[in-house]
Amino acid sequence: FMASAPLTSPSDQMTVMLERVYNWVLGQISLGDQIKAFVGSPVEPLFFDQYGRRIGIIAGVPINEIPGASHAVLGDKHAFDLPDTLTYTFAAAGTDSGTMLLNFLVPLENSVVRAVGYHEVPVSDGSAISVQLSVENVDWTLLNTGQPPTQPDHLEDIEIHASYLPTLQSE
């Protein structure tokens, strides 16, 4: 019989390194002039800009009509980069029953990123979910078929300070 090693918490050095990576990522968002959107669930996510151009999924087919925007998919997870100079409507169509995870990282002025998150939003086949998205957005109400209007579960402005990633040296 061999006893396994006890679980330990991360070292202070590892904690500092992870914090620096996190701050560096947020710093890149604040400098990049892009809104980041992350969607996870059984939905077909779609963004419309104020000119009617779209990016996302329609009837299972990817579409991107917005210059400077991009969309990546991994399983049922979607990541969007959207130019922060436009105003968007997020519209998702439910494809199955489950819950949706929706997160936005919105660059603001003076190295501040607004983190907006909706967690465990109920979704069913045919449900329609929508929310407005822009740098100037003050109303984050999410509308969902058959559900009361929802405010974000997480809304925080994060100030980014200069952060440098540690360099790894091999011995």
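**Exercise 1.** Is Glu120 buried or exposed?

*Solution.* The structure is a predicted model. The location comes first: Glu120 is found in strand E9. Next comes the accessibility: its relative accessible area is 64%. The cut-off for an exposed residue is over 50%, so Glu120 is exposed. The backbone deserves a remark as well, since Glu120 has a positive phi, near 55°, although it is a residue other than glycine. Most residues other than glycine have a negative phi.

**Exercise 2.** Determine the strand order of the open sheet and identify its edges.

*Solution.* The sheet is formed by 6 strands, and their order is E4-E3-E2-E7-E10-E11. The pairing is antiparallel. Strand E4 (61–64) and strand E11 (143–144) each have a single partner strand, so they stand at the edges, and one side of each is left without a neighbour in the sheet.

**Exercise 3.** Describe how E3 is joined to E2 and to E4.

*Solution.* Begin with E2 (residues 43–49) and E3 (residues 54–58), an antiparallel pair with 3 bridges. Within this pair, Leu46 has Gly56 as its bridge partner, and Phe47 stands opposite Ile55. The hairpin of E2 and E3 has 4 residues between the strands, and Gly52 takes a positive phi near 90° there.

Continue with E3 and E4, which run antiparallel and are joined by 4 bridges. Gly56 appears again on this side, where its bridge partner in E4 is Ile63. This hairpin has 2 residues between the strands.

**Exercise 4.** Characterise Ala59 by its place, backbone and accessibility.

*Solution.* Ala59 lies in the loop between E3 and E4. Its phi is near 50°, a positive value in a residue other than glycine. With 67% relative accessibility, Ala59 counts as exposed.

**Exercise 5.** Which residues have the most contacts inside the largest nonpolar core, and which elements give two or more residues to it?

*Solution.* This core has 28 residues, and those with the most contacts inside it are Phe47, Phe90, Met100 and Phe104. The elements giving two or more residues are E1 (34–40), E2, E6 (77–83), E7 (88–94), E8 (98–107), E9 (112–123) and E10 (128–133). Another core, of 5 residues, lies apart from it; Leu105, Val113, Ala115 and Ile158 are among its members.

Finally, consider the surroundings of Phe90. Leaving aside residues up to four places away in sequence, Phe90 touches residues including Phe47, Met100 and Phe104. Among its other contacts are Val39, Pro45, Leu46, Ile129 and Val131.

Technical notes. Residues are numbered from 1 along each chain as its sequence is written. This is a predicted model: local features need pLDDT of at least 70, side-chain atom pairs count only at pLDDT 80 or more; totals for chains, interfaces and linings use all residues. Side-chain values use heavy atoms; hydrogens and water are left out. Two strands pair if DSSP finds at least two bridges between them. A nonpolar core is a set of buried Ala, Val, Leu, Ile, Met, Phe, Trp, Tyr and Cys residues joined through side-chain atoms within 4.5 Å. Buried means under 20% relative accessible area, exposed over 50%, partly exposed in between (1.4 Å probe, protein chains only). Contact means heavy atoms within 4.5 Å.
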